[in-house]
Amino acid sequence: MLKSGDRIELEIDRLSSGGRGVGRHEGLVVFVPGTAPHERVLVQITQLKKTFAEARLLEIKRASSARIRPPCPIAEVCGGCSWQHVDYAEQLRQKTGLVADAIRKFSGRSDVQVQGTIASPMPFHYRNRVQLHFKNGLLGFYRRGSHAIEDLDSCWIADQRINAELGALRARLIREKSPPIRLELTLTPSGTVIESRDARYADELGFGQVNEFVNAQLVTDVLARIPQGAERVFDFYAGAGNFTFPIAEQRRPKNGVTAVELHSKSVSQGRLRAQRSGLTNLRYVESTVEAFLTSVLQGRDTEVRPEFFHDAIVLLDPPRAGCAEETLRALARLAPRKLIYISCDPVTLARDLGQLPTDMFRLLEVQPYDMFPQTDHVETLAVLERVAPTPSP
């Protein structure tokens, strides 16, 4: 019987969420960091659970053809990247597989073909925002699996204009005898690097997506799925307007765009931007999405009635945790014409798709995007259309 400390050989089949390779030993799933698909490895079991085990890599017996030497000298210990040792083309294939597996296992919609993951134009130096830790003169990311700081002079996934600031930043923090802190560096659209100790600062200013190149493609693709002059669009979890403003300005829905966002500063920024842009077809609502939809269903919203959803397009861009159950139940009752769901977590996306009635909504497409190269994270666009007659809410 397998036990902690045992050494075994494994064939790595694929990569998983969390960045680890996946193999099987006598039917038991074993997760191994630092491995690549289709290679033979010697590992040591570190944790044994009822349905899976975790192990550490001891030796590569047969290297994968997808294995490469990471360009970053600290890639194997830094917690920032988990897939730098894997060829980029293989990373894209693995991300497509992550999304397809999640849809198949958790959505109940296994007949949908997941499209190949759209690559980032820049696999390195793409991030316009990084969160760093400083302590005892060290500035960098946490080491993998610990809270020890891996000191760095530059980061291979950070924009080079951010990297140019790191040396002076470390020197200043040391000179000021700064206590241990977490801080965020954000590259603004004008090219200025802003330092903040509030992780929400960048989102409030509308710099929400860390990869502006893939985000531009994603916005373009969302717009392509909204007809010019559509009846009405609801943008839920709107932030400061990453999708809201392109929709309002370029698609100009006949009855406007309603953006719903909980964070008050993002709402303030959105309203100010709308005012400065002269947009009269845009309404920002400060609320949770579930509370807004409940107010619509109960007739308490003075500007939106339930029947407005029948010819509407709803855009969902929730946080990693996905949508609240109340939101999905309300959408099933309101039955909009089309749902466009943007997700940064395939599992919560699949779970939420599984809660939308299959006899009400048909899943048309699932398109992953590599918003986060060198990591196991993936952004996904899913499009659903109403197929049943609109019910009475």
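Contact means heavy atoms within 4.5 Å. The legends below describe close-up views of a predicted model.

**View 1. Helix α1 and the elements that cover its buried residues.**
Helix α1 runs over residues 88-106 and has 19 residues. From the first C-alpha to the last, α1 reaches 27 Å, close to the 27 Å expected at 1.5 Å a residue. Its buried residues are Tyr-88, Glu-90, Gln-91, Leu-92, Gln-94, Lys-95, Thr-96, Leu-98, Val-99, Asp-101, Ala-102 and Ile-103. What lies over these residues? The cover includes strand β1 (7-15) and helix α9 (346-355). It also includes strands β16 (361-369) and β17 (379-386).

**View 2. Helix α6, with a buried side and exposed residues turned away from it.**
Helix α6 spans residues 264-277, 14 residues in all. Its end C-alpha atoms are 20 Å apart, which agrees with the 20 Å that 1.5 Å a residue should give. Which residues of α6 are buried? They are Ser-266, Val-267, Gly-270 and Ala-274. Seen down the axis of α6, the buried residues fall within an arc of 100 degrees, so they line one face of the helix. The face turned away from that buried side carries Gln-275 and Arg-276, both exposed. Just after α6 comes Gly-278, with a positive phi of about 70 degrees.

**View 3. An aromatic cluster of Phe-234, Phe-236, Phe-292 and Phe-309.**
The model has seven aromatic pairs. One of them joins Phe-234 and Phe-236. This pair is tilted, with 6.0 Å from centre to centre and 40 degrees between the planes. Phe-234 counts as buried, at 0% relative accessibility. Phe-236 also counts as buried, at 0%. Phe-236 forms another pair with Phe-292, and this one is edge-to-face. Here the centres are 5.9 Å apart and the planes meet at 65 degrees. Why does this pair tie together parts that are 56 residues apart in sequence? Phe-236 lies in strand β11 (residues 232-236), and Phe-292 lies in helix α7 (residues 289-297), so the pair links those parts. Phe-292 is buried too, with a relative accessible area of 2%. Phe-309 belongs to the cluster with these three residues.

**View 4. Two arginines, each over an aromatic ring.**
The charged end of Arg-20 sits over the ring of Phe-31. It is 4.2 Å from the ring centre. Arg-232 lies over the face of Phe-308. In that case the distance to the ring centre is 4.1 Å.

**View 5. Ala-36, a buried loop residue.**
Where is Ala-36? Ala-36 is in the loop between β3 (28-32) and β4 (40-48). At 0% relative accessibility, Ala-36 counts as buried. Leaving out residues up to four places away in sequence, Ala-36 touches Ile-12, Leu-15, Ser-64, Arg-67, His-85 and Val-86. Val-366 is 330 residues from Ala-36 along the chain. Their C-alpha atoms are separated by 25 Å.

**View 6. Cysteines without a disulfide.**
A disulfide is a covalent bond between the sulfur atoms of two cysteines. How many disulfides does the model have? The count comes to zero. For a pair to count, the sulfur atoms must lie within 2.5 Å. The cysteine sulfur closest to that of Cys-78 is in Cys-72, 6.4 Å away, so the gap is too far for a bond. Cys-78 counts as buried, at 7% relative accessibility. For Cys-323, the closest cysteine sulfur is in Cys-344. That distance is 11 Å, again too far for a bond. Cys-323 counts as buried, at 5% relative accessibility.

**View 7. Glu-26 and Asn-136, two loop residues with positive phi.**
Glu-26 lies in the loop between β2 (21-25) and β3. Its phi is positive, about 50 degrees, although Glu-26 is not a glycine. Is Glu-26 buried or exposed? Glu-26 is exposed, with a relative accessible area of 74%. Asn-136 is found in the loop between β6 (129-135) and β7 (138-142). Phi of Asn-136 is near 55 degrees, a positive value in a residue other than glycine. Asn-136 is exposed, with a relative accessible area of 72%.

How values were computed. Residues are numbered from 1 along each chain as its sequence is written. This is a predicted model: local features need pLDDT of at least 70, side-chain atom pairs count only at pLDDT 80 or more; totals for chains, interfaces and linings use all residues. Side-chain values use heavy atoms; hydrogens and water are left out. Buried means under 20% relative accessible area, exposed over 50%, partly exposed in between (1.4 Å probe, protein chains only). Helices (H or I, at least four residues) and strands (E, at least two) are DSSP runs, numbered from the N terminus. The expected span of a helix is 1.5 Å times one less than its number of residues. The arc is that of the directions from the helix axis to the C-beta atoms. Rings of Phe, Tyr and Trp (its six-membered ring) pair if their centres lie within 6.5 Å; planes under 30 degrees apart count as stacked, over 60 as edge-to-face and the rest as tilted. A charge sits over a ring if NZ of Lys or CZ of Arg is within 6 Å of the ring centre and within 35 degrees of the ring normal.
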